[in-house]
Each structure stands twice: as structure tokens, then as C-alpha cells.
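The following questions and answers introduce a structure to a reader who has not met it before. Each answer sets a value against a definition.

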There are 2 protein chains.
Amino acid sequence: MTLTPDHFTGPFTGRTIAGLADDLRRGRATSAELTESALDAIAAHNPALNAFVTVDAEGAMAAARRADEELAGGADRGPLHGVPVAVKDLIMIAGLRVTMGSRHFAGHVPEADAGCVALLRESGAVIVGTTTTHEFAYGPTGDRSAAGPARNPWNPERMTGGSSAGSGAAVAAGLVPLALGTDTGGSVRIPAALCGVAGFKPAYGAIPADGVFPLSGTLDHVGVLAGSAEDCLLAYSCLTRPLGGGAEDLGRVRVAWLDPAGLFPGDPRVVRAVHAAAGPLKEVRLPEGVAATLRETYTTIQSCETVAVHADRLAAAPELFDPEVLERLRVAAEVPGWRYVRAMDARAALADAVGALFDHHDVLALPTVPIIAPPLGLRETEIDGRPVAVRAALLAMTSPWNVLGLPALTIPAGTVDGLPVGLQLVARPGQEPSIFEAARTIRPAGTRT
Amino acid sequence: MTLTPDHFTGPFTGRTIAGLADDLRRGRATSAELTESALDAIAAHNPALNAFVTVDAEGAMAAARRADEELAGGADRGPLHGVPVAVKDLIMIAGLRVTMGSRHFAGHVPEADAGCVALLRESGAVIVGTTTTHEFAYGPTGDRSAAGPARNPWNPERMTGGSSAGSGAAVAAGLVPLALGTDTGGSVRIPAALCGVAGFKPAYGAIPADGVFPLSGTLDHVGVLAGSAEDCLLAYSCLTRPLGGGAEDLGRVRVAWLDPAGLFPGDPRVVRAVHAAAGPLKEVRLPEGVAATLRETYTTIQSCETVAVHADRLAAAPELFDPEVLERLRVAAEVPGWRYVRAMDARAALADAVGALFDHHDVLALPTVPIIAPPLGLRETEIDGRPVAVRAALLAMTSPWNVLGLPALTIPAGTVDGLPVGLQLVARPGQEPSIFEAARTIRPAGTRT
């Protein structure tokens with residue numbers, strides 16, 4: 001079993017960031033070569049994948065040459081130095097077109113870098129371009145964007161998942177070894193899982209969100225997509241404060257299987273595959289009623305916060321929105337304020353209820369997404385013969401950790417019907433090392449090593 | 001000019017808490033005598049004023065005797081020891097009926113004391129009963145309550161203002177020297193001003209709000225009503241952490257007159273009277289647009305938070321609400337959530353805009369209420385020949401300081417047409433001593449000394 005898509009393999013397929021960094025330092029590659037190979041692969045494959053919206057060949061090559069000069073001169077900025085990186089098309093990059101996947105911002109060129117982009121630059125990373133986002137990140141399918149839908153490298157008729165759709169496709173196709181995404185309800189982890197790569201949504205606020213176009217202020221997280229958990233950790237470490245926890249703790253990570261049936265119905269083949277990948281674990285369940293409250297809390301908070309961002313555009317130029325996004329915004333605009341107040345209260349109570357699951361376990365394991373990548377445009381599907389909304393299914397197992405602000409990693413966990421599925425690992429803030437140690441220990445069969 | 005209402009004078013008219021405390025310690029009075037005189041006065045005057053909902057004669061006398069025993073035994077709990085106090089009818093008192101002014105809670109008897117009531121008891125205060133509140137504190141007029149309207153001692157056909165309506169009437173009529181109230185948009189300061197007494201809304205959270213029935217969680221403040229600023233300070237000091245600031249600072253309090261026209265139209269006679277009472281001061285204005293934003297922010301936040309409290313009652317038993325309160329709740333239930341999100345964002349920006357006024361001044365002075373007490377039930381009035389909503393007028397100069405959580409004191413500032421008007425003093429949190437020093441320095445003509 002391999003987790004490389006058949007149709008698309010790029011220069012970074014099967015490579016690790018640590019390996020690339022080693023090559024750069026041993027003279028086996030230059031950043032200019034890596035960047036050129038990324039640009040060539042994007043030129044070759046992007047017409048079929050639509051992973052990239054804007055490619056900055058000139059800027060990337062200039063940055064790569066600077067990186068090479070610095071490294072040659074002994075100035076080493078760390079593991080991302082000279083490594084090509086893609087950035088989701090709603091994270092501001094000074095001087096480059098950033099469109100939020102929307103006709104509202106068709107020609108938008110930010111004046112300043114987002115905080116996380118500035119950190120990328122300080123780390124010496126080479127930004128090659130922007131990746132397709134669901135319009136304003138408002139959708140987990142990744143197939144509604146002014147730039148058109150991103151396509152899944154495993155099957156271009158399937159959705160990548162979203163909203164960090166192009167970031168998932170770009171890493172999965174090996175066009176870049178690393179991409180930034182944002183995750184409000186799963187927007188990093190869903191495309192990572194459906195495209196067969198790793199994706200990490202840190203704890204709330206762990207990567208700075210300034211200069212990132214908001215979807216829902218109290219739910220938005222910046223995250224990373226890469227080929228493996230190790231690469232996610234490496235990139236994350238460059239974008240946040242130093243991780244706590246020492247290596248001496250890491251033998252004692254207690255992982256439990258969180259029964260996904262308590263959250264949402266799942267395709268039994270997906271659940272079986274992910275559970276098998278996780279291996280034998282003690283099983284825990286969410287308390288009765290918590291899943292429904294988590295879903296309602298998520299939807300209410302996101303609806304109100306998102307319309308707060310878009311109300312003026314909604315009034316002034318509704319026709320510029322994608323019709324599906326527009327309809328969703330209009331429904332969200334009707335959510336009454338008292339429900340938002342209650343949702344924010346419920347959120348505090350949920351933190352206690354779910355927090356108790358961590359009293360005896362460090363990490364919860366569950367599927368990232370309970371279905372395989374649906375065909376582009378599909379909105380209703382069946383699970384076990386019962387109709388299910390695709391959006392609800394995509395978000396069901398990721399959005400709870402946004403409500404609670406918990407760090408969550410997805411790693412590849414095999415395939416079902418030739419399409420990848422993801423294993424998700426969740427912990428309390430501060431327990432990030434446990435997540436990555438669990439990922440190292442579990443390392444499902446068939447994942448890149 | 002006197003600020004004692006003609007029709008109602010009680011045993012505590014013209015008395016100060018410090019004076020009462022002195023009498024208790026010098027053997028010139030006992031708590032039992034003071035309490036009995038309060039109970040007698042309540043019995044005599046309450047039928048006309050409707051200031052009290054529930055009177056706890058037995059419990060009060062028992063507490064008074066305990067206070068006398070303690071004082072006689074040398075156990076001195078401080079300035080409130082043995083002093084009769086009234087408590088607004090939505091602050092929980094263990095074992096006493098507390099109704100929230102609503103038929104929804106007609107027979108409600110709390111099991112535990114509110115935090116502020118527990119502090120009153122620790123201070124040795126004698127709780128004589130509960131005072132009329134506008135139903136669920138949801139109204140600044142004080143004339144819609146399951147217990148009927150409270151009446152203004154200066155003219156029983158006039159409203160007291162609210163929602164701490166009975167607390168204002170009880171102190172103004174000299175039935176008790178001190179009453180607790182709550183203040184979400186002015187509910188302590190409005191009845192204090194319209195009834196000619198002092199009222200202090202501390203900084204947000206300064207007096208604990210646990211066990212107080214919520215109106216709007218982020219706007220609710222517990223406060224005190226008494227005959228003078230000194231008595232408010234004294235009571236406040238028993239209900240909060242020790243005040244900062246030393247006496248050595250107090251000569252340098254810089255007070256500015258905040259032009260009330262920047263907030264709302266005012267009855268020119270009221271504005272003149274209050275301005276004259278404040279004396280000659282440097283004048284400052286709110287920045288353009290801030291007043292309108294403050295009003296909208298206040299209304300949006302309160303609407304959403306209040307309905308969050310009452311949505312279940314609103315669905316299950318709407319007929320138990322006062323019709324006007326019901327109608328207001330139904331309008332508030334329609335406020336969309338995205339407006340709440342924007343209001344909470346605006347609130348943060350307003351704190352900066354208004355905070356700048358304190359760069360060169362310690363205290364802002366302005367009218368507490370820009371009109372005199374309207375007739376009971378009046379909802380529309382005229383200012384300078386233009387129609388004005390009574391509720392909007394009552395709240396216009398007090399609610400900004402709830403939005404921003406700033407401490408604000410009202411002190412009597414004379415009368416207009418035989419009805420009292422109030423001068424309001426506002427400062428930054430932590431600058432409470434400046435407020436009370438300003439009150440001491442200004443001491444408008446005709447106030448009790």
C-alpha cells in the first residue's frame with residue numbers, strides 16, 4: 001500500500017523537510033534548484049489540480065537565491081531555510097495578489113505580511129505562491145472559489161476538502177513540501193485527510209493570526225500541512241513559541257480511541273481503517289448530549305462571527321459572492337444574538353465536559369473525516385443507507401476541537417476505495433509533544449517515513 | 001432649598017451612616033431601635049410608595065438583636081454593623097422571598113445568599129426587606145413590576161426611575177439609610193438621581209455579582225444607594241476589596257465637565273442646574289460619532305444577553321411577563337448575532353476612544369439623567385419641543401459607563417420644578433477615590449452634609 005497518489009507525483013513526493021534541509025547543507029541541492037523544481041511541477045500539474053491561484057516565480061527565485069547566499073555565508077535560519085512553501089490565498093503576503101478565493105478581492109494586493117508569513121520569511125522559507133481556498137474559507141468542501149475548485153490529486157473528480165483546498169492538493173501532489181492553511185472547523189485537517197497528507201491545527205492562538213482574513217474570530221486557527229507529522233512539527237516549531245514538555249516524558253503518552261459514533265455517523269469502512277491504523281486502544285465516549293451541543297455551538301458561533309465580517313459586503317455587493325456562499329451567509333445572518341450569547345456560555349461548559357476525557361488520557365484518537373473525498377460539488381451523500389449532508393460529515397470530527405481550541409493533528413491512515421483517510425490526534429493545549437509522540441508511535445502502515 | 005421630599009420623611013432622613021454608627025457605639029441608639037424605626041416607617045409609608053416588596057420584620061429584629069449583642073460584647077464588624085439595609089428584589093437572600101419583580105418568580109425563596117448579601121451580613125448590616133424592581137430589572141422607569149410601580153417620594157404620581165426603583169424611594173423617604181441595587185445601564189444611578197439621593201455604580205466586577213439575577217452579564221453591576229456620597233463610599237468599602245489611592249493624592253483631582261449635548265438632548269433647566277452645581281470646570285466633548293456608537297453598542301449587547309437569560313420563559317410562559325417587558329423581549333430576540341459580535345468589537349474600540357478623555361482629567365462630570373422624573377407610565381416626552389423616548393432619555397447619560405465598565409457616582413444637585421436632579425461623576429477603574437474626593441469638593445448647594 002502506498003499513500004502516494006497515482007496520477008500526480010511531484011519533486012517533493014516522499015521527501016521530508018529534514019531531508020531537504022540536510023541536502024541544502026551538504027551541497028546536494030540548492031534552494032534555487034528546489035524552488036525551480038517546485039515551480040516546474042506547479043506549471044505542469046496545476047492546470048489539472050487548480051491548487052495554486054497565484055504563483056510568484058520571480059519572487060520565489062529571488063528568495064531562493066538569497067537563501068542560498070545566506071547558507072553559503074554561514075547564516076543558517078533553521079530547518080525551513082531555503083525550503084519552498086505555499087500559502088493559503090487568504091493569508092496576507094506583501095506585494096502578492098491575495099484574493100480570499102473571492103471576486104470581492106479579485107485584485108487585492110496586501111501591503112504587509114501576515115504575522116505567520118513574516119515568521120516564514122524569518123525562517124528563510126521560500127514562498128512560491130498562494131493556494132486555492134473555498135471562498136472566504138467558508139466551506140469544508142473546497143470546491144467553491146472564484147478561482148474554481150481545487151481537485152484531489154488522488155482523483156481529480158473528487159473534492160480535496162477545504163477550505164485549505166489547494167494547500168492539501170499541493171502537498172499531496174508533491175508540488176511543495178509544506179503549505180500554510182487556516183482551520184476554523186477543520187479547514188487544515190479535512191483537506192489533509194482527504195488528500196492523504198498530515199495537517200496540524202495548533203491550540204488557539206499558538207500561531208499568530210494577524211493578517212489572516214478572518215472567518216470566525218474565536219474559532220480561527222492558523223495551521224500547517226506537510227507530508228508527515230514530523231514535518232508539521234518542524235514547521236510549527238518555526239511559527240510559534242518553543243514547545244513545552246521534555247523528551248523524557250514521551251514514553252508515557254496515554255492514547256485513547258474516542259468512539260466516533262458518539263460524534264456523527266461514519267462510513268464503516270473509514271472508521272474501521274482508521275481504527276486499525278490507530279491500533280488497540282482503550283475506548284472512551286463523549287458524555288451524552290455533548291456532541292449535539294458541540295455542533296450547535298460551533299455553527300452558532302461561526303455563523304454570527306462570519307456575518308459580522310461580511311455584513312457590509314452582503315449588503316453592498318451580494319452578487320460578487322459565490323451563490324452557495326451567499327445563501328449560507330444569508331441563513332447565518334438570521335441567527336439571533338441571544339443564541340450566540342448562549343453558545344459562548346455553552347462553550348465554557350463544554351470545555352469542562354470534554355476536558356474530563358483528558359483526566360486519564362493524554363491524547364484522543366479518532367477519524368479526521370468519517371467519509372472519503374466526495375465527488376466535486378456533491379452536497380448530500382449516504383452513510384449506511386441514511387442520507388447525510390456532506391458539509392456536516394466533513395466537519396463533524398474536526399470542528400469540536402476548534403470550539404475548544406485544542407491542538408489536533410491528522411496523519412494519513414491508509415486508503416478506502418483508493419482514497420486516503422486520516423487519523424486525528426487531539427490533546428490539551430500544552431500537550432502538543434504528546435500528540436507528535438503518539439503520531440510517531442502509531443505511525444500507521446503505509447505512511448511515509 | 002432642601003433636598004428632602006415634602007411628603008415623606010422617615011427616621012433616616014438627614015442621617016448619615018457614620019452618625020448612626022457613632023450612635024450605636026456611644027449607646028445613643030441600639031440596632032433594635034433603628035431597625036424597629038425602619039420597620040415602623042415602612043409600615044407607615046410603603047402603602048403610598050410601594051418601595052418594599054417583602055419586609056422581613058422578624059428576621060430583621062433578630063439580626064438587630066444579634067448586632068446589639070455583638071457590639072455590646074466588643075465584636076465590632078465596622079460601620080454597617082447594626083445598620084438597617086434594604087436589598088433589591090432580584091438579589092438572592094437565603095430564606096426570604098425574592099421575586100425579580102416578576103410573576104415568573106412569585107413564590108421564589110432562594111436557598112443561598114448572593115455574594116453581596118453575604119458581605120452585608122459579614123459587615124453586620126440588618127436586612128429589613130426587598131425593594132421593588134422593574135420586572136427582571138429590564139426597564140429604567142421602575143414602573144412595571146409584578147409588585148406594581150414604585151412611587152417617587154417627591155411626588156407619588158411620578159416615577160422613581162429604575163430599575164432599582166424601590167431602593168431609590170426607600171432611601172429618599174428615609175425608610176432606610178442604605179439600599180443595594182443593580183445597574184446595567186443606570187439602574188442604580190437613575191432612581192438615585194430622580195429621587196434625590198446618592199448612588200454608586202462601581203467598576204465592573206468590583207462588587208461580586210454571584211447570586212444576583214442577571215439582566216445582561218457583561219453590563220450588570222451591583223451598586224449602592226444612600227443619602228450621600230460618603231455613605232455610598234462607606235458601604236462600597238464594605239462590599240469590595242480595599243480601595244487604592246492614598247489621601248495624599250486627593251488634592252489634585254482634575255474634574256472636567258462632559259458636555260451632555262454630545263450624548264443626548266437634555267431639559268435645559270436640568271442641564272443648567274447640574275452644571276451650576278458642578279461649578280466652573282473645563283469642558284470636554286466626546287469625539288464625533290462616539291455617542292451613537294455607545295448607544296447602539298449598549299442596546300445590542302443588552303438585548304442579546306437579556307434574551308439569552310429569558311428565552312425559555314419567553315417560549316414557555318410569555319403571559320407571565322408584564323406586557324411591555326414581553327414586547328421589549330420579543331424585539332430584543334430579533335437582534336441578529338452578527339450585530340452582537342460587532343458590538344463586542346465596538347466596545348473594545350470605544351474603550352480607547354473614551355479613555356482618551358481621561359488623559360488630562362481624572363473625573364468627568366455630567367448630568368446623571370437629563371430630565372426630571374416623568375409621570376408614572378409616561379413613555380414619550382418632549383425636550384425643547386422635540387419628541388423624545390423616556391427610556392432613551394433616562395439611560396442616555398448612564399449607560400455609556402456600563403458599556404465601558406467605569407465607576408460612576410450620582411449625587412443630588414438641586415431640584416427643578418420641585419423634583420431632584422443628579423450630578424454624575426465618572427472615572428477610570430482604580431480612580432474611585434478621585435470620584436469621592438470630587439464629590440466632597442463639589443458638594444452641590446442644598447445637599448445633605
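**Salt bridges and the contact between two chains**

The side chains of B:Glu324 and B:Arg379 meet in a salt bridge, with N and O 2.7 Å apart. This is a predicted model, in which local features need pLDDT of at least 70, side-chain atom pairs count only at pLDDT 80 or more, and totals for chains, interfaces and linings use all residues. Residues are numbered from 1 along each chain as its sequence is written, chains are lettered from A and ligands numbered from 1 in the order in which they are written, and side-chain values use heavy atoms, with hydrogens and water left out.

Q: Why is the pair B:Glu324 and B:Arg379 called a salt bridge?
A: The term requires a side-chain nitrogen of Lys or Arg within 4 Å of a carboxyl oxygen of Asp or Glu. The pair has an N to O distance of 2.7 Å, so the definition is met.

Q: What makes this pair a tie between separate parts of chain B?
A: B:Glu324 lies in helix H10 (residues 323-332), whereas B:Arg379 lies in the loop between strands E9 (363-367) and E10 (380-383), so the pair joins parts 55 residues apart in sequence. Helices (H or I, at least four residues) and strands (E, at least two) are DSSP runs, numbered from the N terminus.

Q: Why is A:Asp23 called buried, and what is A:Arg15 called?
A: Buried means under 20% relative accessible area, exposed over 50%, and partly exposed in between (1.4 Å probe, protein chains only). A:Asp23 has 12% and therefore counts as buried; A:Arg15 has 30% and therefore counts as partly exposed. These two residues form a salt bridge, their closest N and O atoms being 2.6 Å apart.

Q: How do you know that B:Glu324 is buried or exposed?
A: Its relative accessibility is 16%, so B:Glu324 counts as buried.

Q: Which residues of chain A are linked in a network of salt bridges?
A: The network links A:Asp143, A:Arg144, A:Asp322, A:Glu324, A:Arg379 and A:Arg391.

Q: What makes up the contact between chain B and chain A?
A: Contact means heavy atoms within 4.5 Å, and 15 residues from chain B and 15 residues from chain A take part. Two salt bridges are counted between the chains. A:Arg342 and B:Asp312 meet in a salt bridge at 3.2 Å, N to O. On the side of chain B that touches chain A, helix H9 (290-316) and helix H11 (337-355) each supply at least two residues. The largest share, seven residues, comes from H9(B).
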